[in-house]
Amino acid sequence: MNWSENAWQAVNGIYNSILKMPFIEELSDGSLPMKTFQFYMLQDSYYLEHFGRALALTGAKAHDVEDALAYLQFAENALVVEQALHESYFKDFGVSDKGIIQPACHHYTHFLRSTAALEPVEVAMAATLPCFWIYKNVGEYIYTHHQAAGNPFQNWIETYAGEEFTVSVERAIDLCNKAALQTTPQIRRRMTEAFITASRLEYQFWDAAYNLKRWEL
């Protein structure tokens, strides 16, 4: 197996736990409380901004120009989506106040940014991969299993079926496999550790949205 196959095998339990989360089930059938979805959307907006910055930093550290260009394109896409949230979905779902970044999002984005800044570029690439890969697979699951009739989140769910995002995910996986192949066994282990940590943070992000987890003070 290549690096990505081994890495996915290591987080398969986390991924299956995400699929069983109330947030995913209720988004699929349209019963998710609107305040819960609004909380998620606001935190996702913050997340995408910082995710884009982490991707840009990863691109700046890439060894090959082609890899650098790919990660800078990923970064641009993340920031464009963040802007689209403001211009479209915030209005559609009655959000006017963005509020502040909450603990789960804060933890996840700071993990990504500190990894991009302080770790080898291969580890930074692996840390950003779960957001691509898990989000794509969860999105496809939701799109396949959702109840369309009367679902207030139908337009949001339809964004999961985008071919362009699938291409980006496959490109990110390929880049990580190439990086793993060209680096040392020690760095490969750190790549897998970062991939697992980010996958856990994916779970925590959805859990925090469903339970409206905010700063206690």
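Biologist: How much space lies in the largest cavity?

Modeller: About 50 Å³. This is a predicted model, with residues numbered from 1 along each chain as its sequence is written. Local features need pLDDT of at least 70 and side-chain atom pairs pLDDT 80 or more, totals for chains, interfaces and linings use all residues, and side-chain values use heavy atoms, without hydrogens and water.

Biologist: What makes a space a cavity, and what makes it a pocket?

Modeller: Both come from a 1 Å grid over the protein atoms alone. In a cavity, a 1.4 Å probe fits but cannot get out. A pocket is an open set of points with protein on both sides within 12 Å along at least five of seven lines. Lining residues have an atom within 4 Å of a point. Points join across faces, edges and corners, and volume is the space filled by probe spheres set on them.

Biologist: How many cavities of 30 Å³ or more does a search of the whole structure find?

Modeller: One. H3, helix H5 (103–118) and H9 each give two or more residues to the lining of the largest cavity. H9 gives the most, three. Among the lining residues are Phe39, Gln102, Cys105 and Lys213. Helices here are DSSP runs of H or I with at least four residues, numbered from the N terminus.

Biologist: By class, what does the lining of the largest pocket have?

Modeller: It has 21 nonpolar, four polar and three charged residues. Nonpolar means Ala, Val, Leu, Ile, Met, Phe, Trp, Tyr, Cys or Pro; charged means Asp, Glu, Lys or Arg; the others, Gly among them, are polar. The largest pocket holds about 730 Å³. Of its 28 lining residues, Leu48, Asn77, Val81, Tyr135 and Phe165 lie nearest the centre. H4 gives the most to this lining, eight residues.

Biologist: Why is Cys176 in no bond with the closest cysteine sulfur?

Modeller: The sulfur of Cys176 is 12 Å from that of Cys131, so it is too far for a bond. A disulfide needs two cysteine sulfur atoms within 2.5 Å. By this rule the count is zero. Cys131 is in no disulfide either, with the nearest cysteine sulfur, that of Cys105, 11 Å away.

Biologist: How do you know whether Cys176 is buried or exposed?

Modeller: Buried means under 20% relative accessible area, exposed over 50%, and partly exposed in between (1.4 Å probe, protein chains only). Cys176 has 0%, so it counts as buried. Cys131, at 11%, is buried too.

Biologist: What makes the length of H8 agree with its number of residues?

Modeller: The expected span is 1.5 Å times one less than the number of residues. For the 20 residues of H8 that gives 28 Å. Its end C-alpha atoms are 29 Å apart, so the two agree.

Biologist: What covers the buried residues of H8?

Modeller: The cover includes helix H1 (3–19), H4, H6 and H9. Contact means heavy atoms within 4.5 Å. Buried residues of H8 include Thr166, Ser168 and Asn177.

Biologist: Why is Ala68 called buried or exposed?

Modeller: Its relative accessibility is 15%, so Ala68 counts as buried. Ala68 is in helix H4. Leaving out residues up to four places away in sequence, Ala68 touches Gly59 and Ala62. Ala68 and Ser168 are 100 residues apart in sequence and 14 Å apart in space, C-alpha to C-alpha.

Biologist: And His50, buried or exposed?

Modeller: His50, in helix H3, has a relative accessible area of 15%, so it is buried. Beyond residues up to four places away in sequence, His50 touches Ile101, Thr109 and Arg113.
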